[in-house]
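This note is addressed to a colleague who is meeting the structure for the first time. Please keep the sequence and the model in view while reading.

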Amino acid sequence: MTAMKAKHAPKTRSERTRIYKYRVTVLEEPPDTLDGFKIFGLEVKLGKGRHVDFAPNLRVLDVEATQEPLPMDVEVNAKYHKVENKTVIVKRRSLLFSIEKVESTTSQLL
């Protein structure tokens, strides 16, 4: 029986990653309160575990992602909170939005 040793070719080019840039426009005005909860921010979800938080007064949001999100995975939510007995309770409310691709760039990883 003979053993074979695998040889890996050295990488000749630098690792690169693509950056996708999007502009999200919130199409509705979220209410300041929701069942006694006060608004404290907006969030844009771009798929599995990728989200970006924004101030509640912004309506045009610029986001970046390293993977192109599927349309069904994109969400825009208003985040509300209330404090009860040292416990913070958070609620989310979906918002209507439009999304457009601004540009894509390639960056080099170091």
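The numbered points below pass from the overall chain to its strands, its surface and its salt bridges.

1. Overall make-up. The model is predicted. The protein chain contains 0 helices and 8 strands, so that its elements, read from the N terminus, follow the order β-β-β-β-β-β-β-β. Of the 110 residues in the chain, 25% are buried. The chain exposes about 8400 Å², and carbon and sulfur atoms supply 52% of that area.

2. Contacts along the sequence. Contacts between residues at least 6 apart in sequence were examined, and 68% of them join residues at least 24 apart. Several of the salt bridges described below also link separated parts of the chain, one of them joining parts that are 56 residues apart in sequence.

3. Strand E3 and its surroundings. Is strand E3 enclosed by the rest of the structure or open? Strand E3 covers residues 37-46, and 7 of its 10 residues are buried; it is therefore largely enclosed by the rest of the structure. The cut-off behind this reading is a relative accessible area under 20%.

4. Pairing of E3 with E6 and E4. Strand E3 runs antiparallel to strand E6 (residues 74-84), and 8 bridges join the two. Within this pairing, glutamate 43 has asparagine 77 of E6 as its bridge partner. Strand E3 is also joined to strand E4 (residues 51-54) by 4 bridges, again in the antiparallel sense. Here leucine 42 stands opposite phenylalanine 54. The hairpin of E3 and E4 has 4 residues between the strands, and glycine 47 takes a positive phi near 110° there.

5. Pairing of E3 with E2. Strand E2 (residues 33-34) pairs with E3 in the antiparallel sense over 2 bridges. Leucine 34 has phenylalanine 37 as its bridge partner in E3. In this hairpin 2 residues lie between the strands, and aspartate 35 has a positive phi near 55°.

6. Aspartate 35 and lysine 91. Aspartate 35 also forms a salt bridge with lysine 91, with the closest N and O atoms 3.3 Å apart. Lysine 91 lies in strand E7 and aspartate 35 in the loop between E2 and E3, so the pair ties together parts 56 residues apart in sequence. Aspartate 35 is exposed at 61% relative accessibility, whereas lysine 91 is partly exposed at 29%.

7. Other salt bridges. The structure holds 10 salt bridges. In one of these, the side chains of glutamate 29 and arginine 59 meet at 2.8 Å, N to O. Glutamate 29 belongs to the loop between E1 and E2 and arginine 59 to the loop between E4 and E5, so this pair ties together parts 30 residues apart in sequence. Glutamate 29 is exposed, with a relative accessible area of 59%. In another, lysine 79 and aspartate 53 have their closest N and O atoms 3.1 Å apart. This pair links strand E6, which holds lysine 79, with strand E4, which holds aspartate 53, across 26 residues. Lysine 79 counts as buried at 9% relative accessibility, while aspartate 53 is partly exposed at 43%. In addition, Glu43, Lys45 and Arg92 are linked in a network of salt bridges.

8. A nonpolar surface patch. Which residues form a nonpolar patch on the surface? They are Phe40, Val83, Val88 and Val90, which together have about 340 Å² of accessible area. Valine 90 is found in strand E7 (residues 87-94) and is partly exposed, with a relative accessible area of 38%.

Conventions: Residues are numbered from 1 along each chain as its sequence is written. This is a predicted model: local features need pLDDT of at least 70, side-chain atom pairs count only at pLDDT 80 or more; totals for chains, interfaces and linings use all residues. Side-chain values use heavy atoms; hydrogens and water are left out. Buried means under 20% relative accessible area, exposed over 50%, partly exposed in between (1.4 Å probe, protein chains only). Two strands pair if DSSP finds at least two bridges between them. Patches are made of residues with over 30% relative accessible area and no salt bridge: like charges are joined within 9 Å, nonpolar side chains (Val, Leu, Ile, Met, Phe, Trp, Tyr) within 5 Å. Accessible areas come from the Shrake-Rupley method with a 1.4 Å probe; for residues, only the protein chains shown count as cover. A salt bridge is a side-chain nitrogen of Lys or Arg within 4 Å of a carboxyl oxygen of Asp or Glu. Contact means heavy atoms within 4.5 Å.
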